[in-house]
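Opening the notebook on a new model today. I want to look at helix packing first, then charge pairs, then confidence.

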Amino acid sequence: MNYFLEITKKIEEFCNTSPVPDSVSEYLESAIRVHDLRLEAICLADEGIENNDERIINIYEEISKILEG
């Protein structure tokens, strides 16, 4: 699996959602966390880490959890 590509897809999915009226603050907190994780993934990519590196897999999994929750 290309985790960098999948992270991009997850972020696009998140950006295409709208917050439920009663949970705007939770949505914004999730957006901040997704943004931070995206920056971390970009830094790792710039460092030249491999796609199957545990750090990038962990970022993918954390973004997935945020989107599920």
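**Helix packing**

I started with the pair α1 and α2 in this predicted model. Helix α2 covers residues 24-46, and α1 packs against α2 at an angle of about 155°, the two axes being 11 Å apart. Angles over 145 degrees count as roughly antiparallel, so α1 runs roughly antiparallel to α2. I also looked up the hand of the crossing between α1 and α2, and it is left-handed.

Next I pulled the residues in the contact. From α1 I get Phe4, Ile7, Ile11 and Phe14. On the α2 side I get Tyr27, Ser30, Ala31, Val34, Arg38, Ala41 and Ala45. Sorted by class, the contact of α1 with α2 holds nine nonpolar residues, one polar and one charged.

**Charge pairs**

How many salt bridges does the count come to? I get three salt bridges. I noted one pair in detail: Glu6 forms a salt bridge with Lys9, and their closest N and O atoms are 3.5 Å apart. The cut-off is 4 Å, so this pair qualifies. Both Glu6 and Lys9 sit in helix α1, three residues apart, which is about one turn of the helix.

**Confidence**

I checked pLDDT last. The protein averages 91, and 100% of the residues score at least 70. Where is confidence lowest, and where highest? Confidence is lowest in helix α1 (residues 3-15), with a mean of 91, and highest in helix α3 (residues 54-68), at 94.

Terms used:
Residues are numbered from 1 along each chain as its sequence is written. This is a predicted model: local features need pLDDT of at least 70, side-chain atom pairs count only at pLDDT 80 or more; totals for chains, interfaces and linings use all residues. Side-chain values use heavy atoms; hydrogens and water are left out. pLDDT is the predictor's confidence in each residue, from 0 to 100. Helices (H or I, at least four residues) and strands (E, at least two) are DSSP runs, numbered from the N terminus. Axes are lines fitted to C-alpha atoms, for helices over the stretch in contact, and angles run from 0 to 180 degrees between N-to-C directions. Angles under 35 degrees count as roughly parallel, over 145 as roughly antiparallel, 65 to 115 as roughly perpendicular and the rest as oblique. A crossing is left-handed if the near helix is turned anticlockwise from the far one by less than a right angle, and right-handed if clockwise. Contact means heavy atoms within 4.5 Å. Ala, Val, Leu, Ile, Met, Phe, Trp, Tyr, Cys and Pro count as nonpolar, Asp, Glu, Lys and Arg as charged, and the others, Gly among them, as polar. A salt bridge is a side-chain nitrogen of Lys or Arg within 4 Å of a carboxyl oxygen of Asp or Glu.
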